[in-house]
Structures are given as C-alpha cells and as structure tokens.
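Got your viewer open? Keep the selection box handy, and we'll walk through a few spots one at a time.

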Amino acid sequence: MNVMKSYMIAIVSALAVLSVITSCKYLDVVPDDVPTLNNAFALRTQAKKFLFTCYSFMPKNGNLGQDPAMEGGDEIWRVIANAGSFFNIARGFQNVVNPYGDFYWTNLYQGVRDCNIFLENIESVPDMEEFEKRQWIAEVKVLKAYYHFYLLKMYGPIPLIKQNLPINAGVKQVQVSRSPVDSCVKYIVQLLNEAVPDLPLNLVDPTQEAGRITKVIALSLKAKILVYAASPLFNGNTDEAGLNGPDGKPLFDQTFSKVKWDSAAAACKQAVDICQAAGLKLYEFGSNYQQFFLTDTISTQLSIRNSVCEKWNSGTIWANTQSFCSSLQGLALPLMDPKQSQNFVPRGELSPPLKIAEMFYSRHGVPIDEDKTWNYADRFSLRTAGDSDKLYIREGYTTAYLNFDREPRFYADLGFDGGIWYGQGQYDDTKNLDLFYVQGKFKQPNASQSDRSTVTGYFIKKLISFENVVGSGTTYSINSYPWPIMRLSGLYLLYAEALNESTGPGPEAYKYLDMVRHRAGLPSVASAWTNYSINPGAFTTQNGLRDIIHRERLIELAFEGQRFWDLRRWKEAAQVLNAPIQGWDGSQETAAAYYRPVTIFNQTFGSKDYFWPIRDANVTKNASLVQNLGW
C-alpha cells in the first residue's frame, strides 16, 4: 500500500496547473460507504464499486446539455431561448475565458486519474480470481483510452496522464505539457492493444452487465481512433504548422502519411471480423408487429429507426448506460393530437435545417441534385400526395416537391408538414388515414411557435421510439434506450472509407458500403450511380467514392452526434458550416406562402473552430500548456 499512498490522487489540480498541490482527494468520486483508499481495494465488492466509478465518467452522449455534437453543429436548430449552452458554439460564441464544454477537461482527466488509481491498486484485492482481475484491468484501460480520445477530438494534442503524479512532485512536474498528436494516438492504441486479450468476446450476463466493455468494443474503438488519426484534421494538417510545444517541436506532423490509412483499414477489418464472430449484424425489423402484418415500406423505416431506438439490438456495438434517451424524445416529438393540453410533454423543438432535408438521397439512392430523373430545380414547388405516396405523405395533402420520391431514411428520420408519422399508438399501416401525420403551417397543430415546436419546418423522427404512446390529458409514455456510441453500420462505413483511402475503390469497399445501403432499402452504389446519376463514373474514382462514403455516413448516422466530429476530421466544416441555416416560412398559412425558404441564421466557422480553446486561466498559470491556434 506504500506505493499506492506515494501517488498524488488530485491530478485534476495538476491539470488546472496550480503551483502547489495541497490535498489528496478521492472521497468525492468513490461510493459514500468507502471511507478510505485502503478500504476501496480491501475486498472485491469494494473494488467493483471503484470499477463502476471509473465507468461513471463516460461522456453523456446524446444529452443536449452535455454532448456538444448535438446542438453545437448544424444538424439541429432550436428556439434560442430553449437551447442549451452548446448551441452557442453553433452560433459562433465559443470563447477562451469560459469555454463551452470546458467541463470535459476537468471531468475526463478526473476519470483518467481514477482509472490510474484503480490500475495501481487492483492487484492488492485478495478475494478475486486472477482472470477477473485481468478483465477489470482491461476494462479500465479501455476507459482510460476512451477518455483520452474524447479529449483528443476536442483539443487536438493533449497532456497524456499515464500515471498519477507522486505526492512530492515539483512545480515543473505539475506543469504538464501537450504531447504531439501522433504520440497521443500511439499511447491510446497501446492501451487498447494491452486490454484486448483479457476482454470477453460477449458478456456472460447481458442483463446485469449491459454496457460493460468487450473485445468488440475495444477493437471497434481502436478502428475509429485510427481512422481519426488518418483523417485530414490529424494527418498532415498544415493549418496547424504553428502549434508547437514549449520545446519548439511541432505538435502536428506536417507530412501526410498513407501508412496511417493502411493501419486504419487493417484495424477496421479486425473490428469487423470480431463483430461478426460475436454475432453482430445489421438490425432489421421483422414485418410482424402484434396482430398486424406491416408493409415493406413501414418495416424498412422501422429497421432504420429501431437500429437506434431498440436497446441492445443486433447492430449495437457500444451503448452508453450513463446516458439514456428519454427527455430528448419529448423535445423532438411534435404535438400529435390537437386535443392534447398545450402543456403536453412533446414539444417538437429539435429542428433539422433545410440543408439536412436536402442531404438525403432520392429514392434511387443518389443525391437529389445528381438524379437525372428528379427535378431538383423545382424542389420548392408544390405537389399533392397520391395513393402511391400514402405511407410517406398524407394522401391528398399538398406539400413541397422536396418531400417526394426520397429514400427510406428521409421518411424514417424526418417529420415534415404532411408527412406520415408511424407509431405512437397507431400501428395498422393498412389504415393509412388513421396514422398520425404532421400539420406544420401557421395555426396548424405543429406550427412554429415562439417558445416551442419547429423553427425550420422539419422534425427529428429517427430518435423517437415508434412504441411511445400518446395518452390522454398530458401523458406520454416513453420507451427509453441507452445512447448508441457505436453502431455496426458506422463501423462498416469507417471500413469502406479506410479502404478507399488506402487502396482506392474496390470490391471490399463497395461490399460494406452496399450492406448499409441495402438495409436502408437502396440499390448498390454501382447500380444507383450507373443508372441514375449525372456523374455515373463517380464511384470508380477515389475522390468520387470518398464523396459518396462521406455523404453515406452523414445520412446513415444523422442526429446521432457523429456529423459534428466527422465534418471536423474531414476538414470539411469550414465549407459546410459557413452556409446559412434555412427553413420554411412558419409564419404562413397557405402552402404557396409556407414553402418559401427563409434564412434563420448565418453560421460562421473559422480554422480556429476545429479545436476547443484551452481555458485561458489554465494557460496563464502553466507556461508549458500552449493555447490552440487562433485563440
């Protein structure tokens, strides 16, 4: 135990760069009934509580107040008065004095600190089997890797806390510095490689252990990290040429390395293979629901929606048990029944902009501005839904041409004026006139209001369980689910991306790209582009296939907190996020007046916005902690 006591536990204070370390705090993070550090590892039961403390620092993905990727980009717009602090990032108000999201700098390094405490002391627990110790150690190494990776995504090069500082650390030791990006990635991958052999392929008791780390999670995380490391933001990013450590050495290697993509492709292949060995497969909804036999149209939409909303489904690699999606569903669902009280829980205020609606493919599986059969120039004109549209758009309803003849993910992910909203207590799709549909123009039930409902004319359907039930009065029954950090379709698209960057277009890249498209009810890339695109050969070139894969990923993972990070790692954010946020004119009652694009906000994004600023006070106190460029 002397070694245990020789380490300073308050590494958070070191990272806040205080000149003097005055205390050894751990009681604020371990369970209340663990009075001393000695007792924390005296028995297996106590050590297990500390293990779960290490898990407790998991970022709350999908939480509007704690996940910058939800409201910090351009996927979701809201009434400003109702928005969380991360919406200020989307509006260009990030700052160095009190950065939005800065709490992760403290929280995740505190998580790393507790992971180090666990790793330093778990061997002393007397009543544990050796294999179980090895598994717990492996789990904590993965958590430690993930916490470092999350900080890397936010800040770029970061301080690596491989072990806690000794209690007698001097000022120079306390003044930590940022490690080069490549060193950060190497250490994170090292932790994962060390962990993999001791992790189970599958959980023995999924009911009790759901969310615990497995080989599948560790190898999939490794694949994702190496894809990030190979991406333009981290691989030969010359825009970061002036960011040097206190020793004058660059924190970003300025030379592009194809080897990084080779390594990423190999890691993705390893992750894909382990997922298949563990029995994972792309989720598909069965056509039988209760007493109803559902059409292929609705079954395909539910395959898309339930790939997120059905907890622990066959396509879930890693879901976050620290973050369950419940209140977000209420914020996303529009008011379905006009008889409901105005204080009814659903508010429908998470609004995808018009450009997100335009992002989805046509029904032929190509971009709407490339489909030679789709009238892109008249996308804002009016059209009335007929019998063939009745499971997508209310029959006889007039809406924008933009909402017709789109791919299944458009209808599964988005609600819009006139759009059918399957579920919520109405399950017989043969009675299409009984199904809920959105009415979004001024004075209609789902119209834009000053304090609630959509500001763009679109709603997020994808994140809402179709089994939620609208009750009488003010009741709304919500089926909550743990937020998916990684899904199999996301891994398949990472693999296709890495293969294309490593070796160019080829059968293997097409295979995994097409598997995702097939589940979404779309033809293969080759078939779609050859037959319907004005650029039929795009998929045969590396640049063309890159664009296709990027768009496929943005569509497949829409509203899951991935777009925010992907646009950054691809270095496409400066182009995409300097476009206006637009929607329909919600102040209008008639279709002709409503379906006119209006600009809600003009976003701006500069090169400095690719990374978070380090809090100015931290940089002032620690000369070794250099600030990110532009801040």
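A salt bridge here is a side-chain nitrogen of Lys or Arg within 4 Å of a carboxyl oxygen of Asp or Glu. Charges are assigned simply: Lys and Arg count as positive, Asp and Glu as negative, and His and the chain ends are not counted. Buried means under 20% relative accessible area, exposed means over 50%, and partly exposed is in between (1.4 Å probe, protein chains only).

Before you click, note that this is a predicted model, where local features need pLDDT of at least 70 and side-chain atom pairs count only at pLDDT 80 or more, while totals for chains, interfaces and linings use all residues. Residues are numbered from 1 along each chain as its sequence is written, and side-chain values use heavy atoms, with hydrogens and water left out.

**Stop one: Lys222**

Select Lys222. Which side chain of opposite charge is nearest to Lys222? That is Glu194, 12 Å away, and Lys222 is buried with no salt bridge. Now show its contacts (heavy atoms within 4.5 Å): leaving aside neighbours within four places in sequence, you should find Val189, Leu192, Asn193, Ala267 and Gln270.

Zoom out to helix α12, residues 215-230, which holds Lys222. Helices (H or I, at least four residues) and strands (E, at least two) are DSSP runs, numbered from the N terminus. The 16 residues of α12 reach 23 Å from first C-alpha to last, close to the expected 22 Å; that expectation is 1.5 Å times one less than the number of residues. Since 16 of its 16 residues are buried, α12 is largely enclosed by the rest of the structure.

**Stop two: the empty spaces**

Both kinds of space come from a 1 Å grid over the protein atoms alone: a cavity is a set of points where a 1.4 Å probe fits but cannot get out, a pocket is an open set with protein on both sides within 12 Å along at least five of seven lines, and lining residues have an atom within 4 Å of a point. Grid points are joined across faces, edges and corners, and a volume is the space filled by probe spheres set on the points.

There are seven cavities of 30 Å³ or more, and the largest has about 130 Å³ of space. Select Asn61, Lys153, Lys224, Gly561 and Gln562, the closest to its centre of the 15 residues that line it. Two or more lining residues come from each of α8 (130-155), α12 and β12 (481-487), with α8 giving the most, four.

Next, the largest pocket, with about 800 Å³. Of its 28 lining residues, Met359, Asp369, Arg551, Leu554 and Val576 lie nearest the centre. Colour α21 (542-556), one of the elements supplying at least two lining residues; α21 gives the most, with six.

**Stop three: Ile368**

Ile368 sits in the loop between α16 and β4 (382-384), and is buried at a relative accessible area of 1%. Its contacts beyond four places in sequence include Trp374, Tyr376, Leu402 and Arg406.

**Stop four: two phi angles**

Most residues other than glycine have a negative phi. Gln424 has a positive phi of about 60°, and lies in the loop between β7 (420-421) and β8 (436-437). Lys443, in the loop between β8 and β9 (458-460), has a positive phi of about 75°. Are they buried or exposed? Gln424 is buried, at 2% relative accessible area, whereas Lys443 counts as exposed at 63%.
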